[in-house]
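Work through two short exercises on helix geometry and packing. Try each task before reading its solution.

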Amino acid sequence: MMLAMLTACGGKDSGSAPADTGSDSQQNEPAPADTIPDAPEGGGTIGVCIYQFTDAFMTTYRNALQEILEGKGYQVTTVDGANDQAKQNEQINTFITQGVDALIINPVMTSAADQIIATVKAAGIPTVLINREPTAEQMAVYDKLVYVGALAAQSGTMQGELILDTANQGDINGDGKISYIMVQGDPENIDAQLRTEYSVKALTDAGKEVEQLNLTRGDWMRERGQEIVANDLAQFGDQVEVVFCNNDDMAIGALQSIQAAGRKVNEDIYLVGVDALDAALNEVQAGNMTGTVLNDAVGQATAAVEEMEKLLGGATYASGEQSVYVDYVKVTPDNVGDFMK
């Protein structure tokens, strides 16, 4: 885990009219410990906004948050945004009206960051944004705001490295190029953008020629991964050498279509995902996925609570020092046992 950052001087920001809505940066040295006041004892009330409960990774994340916060004596209410930014806006405003002590928000839409930040700043509520990162400029307007996440470019790079680590470096048919399909999450999401870009960049940076056969939006959903890969295999057949999926849920769906088409992962096709969900770990161990990348939900939840407690204790954050990152980790058949429960 790489926890970066912190805190700077400065008084409490005041107002700017409220608005509401959504939002996933880099590592700085922490300020001296004596500048970070102790968090108050006796707990408090915490509102947690999750973009969508049906997301497998965010289910692991929110369960970890709930367990950690309740273990520390906080009263926690967690709400489902149902992938609806307007609904999440209402939830944030309701929490503010109820007088929660702090908010942890996983925005539905990254593009809604300005509104969310304006809302929490106007209310003076210490806030931790998770999983979907605003820009440093957006966060700089409020010094009681911090982002906790992971560097999406790192996860994409690791996906590409998983392919480069195979015996033929992804060129199964030996024609001198790696032909792939990309199953993307939500293209509005910065994680989806960077995983898509950097997975392929890892190949080209290694001097490999690549051919994109198709790129399709899968919205992080297993059934969409299955549908997309079924269509692509029907269209491109044996041309498909690598299937990149922006997350494991889509990769599990992709695997179903790969198997239905009579293809064999790690023999005539490669398949990689991100998150290291239990289901994906099982498939990596069984040889049905080439690998995945651990997106450390528990580590990020732990860091989010730590940063929240610093804010509750009176810490403030300087512009450009408002992001904390937890490292991704490559998961391969050789080390998958280390990550299985």
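Two exercises follow, each with a worked solution.

This is a predicted model: local features need pLDDT of at least 70, side-chain atom pairs count only at pLDDT 80 or more, and totals for chains, interfaces and linings use all residues. Residues are numbered from 1 along each chain as its sequence is written, and side-chain values use heavy atoms, without hydrogens and water.

**Exercise 1.** Find which residues of H7 are buried (under 20% relative accessible area, 1.4 Å probe, protein chains only) and what covers them.

Step 1. Helix H7 spans residues 222-236, 15 residues in total. From first C-alpha to last it reaches 21 Å, close to the 21 Å expected at 1.5 Å a residue.

Step 2. Gly225, Ile228, Val229, Asp232, Leu233 and Phe236 are the buried residues of H7. They lie on the same side of H7, because they cover an arc of only 130° around the axis. That arc is taken from the directions from the helix axis to the C-beta atoms.

Step 3. On the other side of H7, Ala234 and Gln235 are exposed (over 50%).

Step 4. The cover over the buried residues includes strands S6 (177-184), S7 (209-217) and S8 (242-245), and helix H8 (248-260).

**Exercise 2.** Determine how the axes of H2 and H3 are arranged, and which residues meet.

Step 1. The axes of H2 (residues 85-98) and H3 (residues 113-123) come within 11 Å and cross at roughly 10°.

Step 2. H2 and H3 are therefore roughly parallel (angles under 35 degrees).

Step 3. Gln85, Gln88, Ile92, Asn93 and Ile96 in H2 contact Ile116, Thr119 and Ala123 in H3 (heavy atoms within 4.5 Å). By class, this contact has 4 nonpolar, 4 polar and no charged residues.

How values were computed:
Helix = DSSP H or I, 4+ residues; strand = E, 2+ residues; numbered from the N terminus. Expected span 1.5 Å × (residues − 1). Axes fitted to C-alpha atoms, helices over the stretch in contact; angles between N-to-C directions. Parallel < 35°, antiparallel > 145°, perpendicular 65-115°, else oblique. Nonpolar A, V, L, I, M, F, W, Y, C, P; charged D, E, K, R; others polar.
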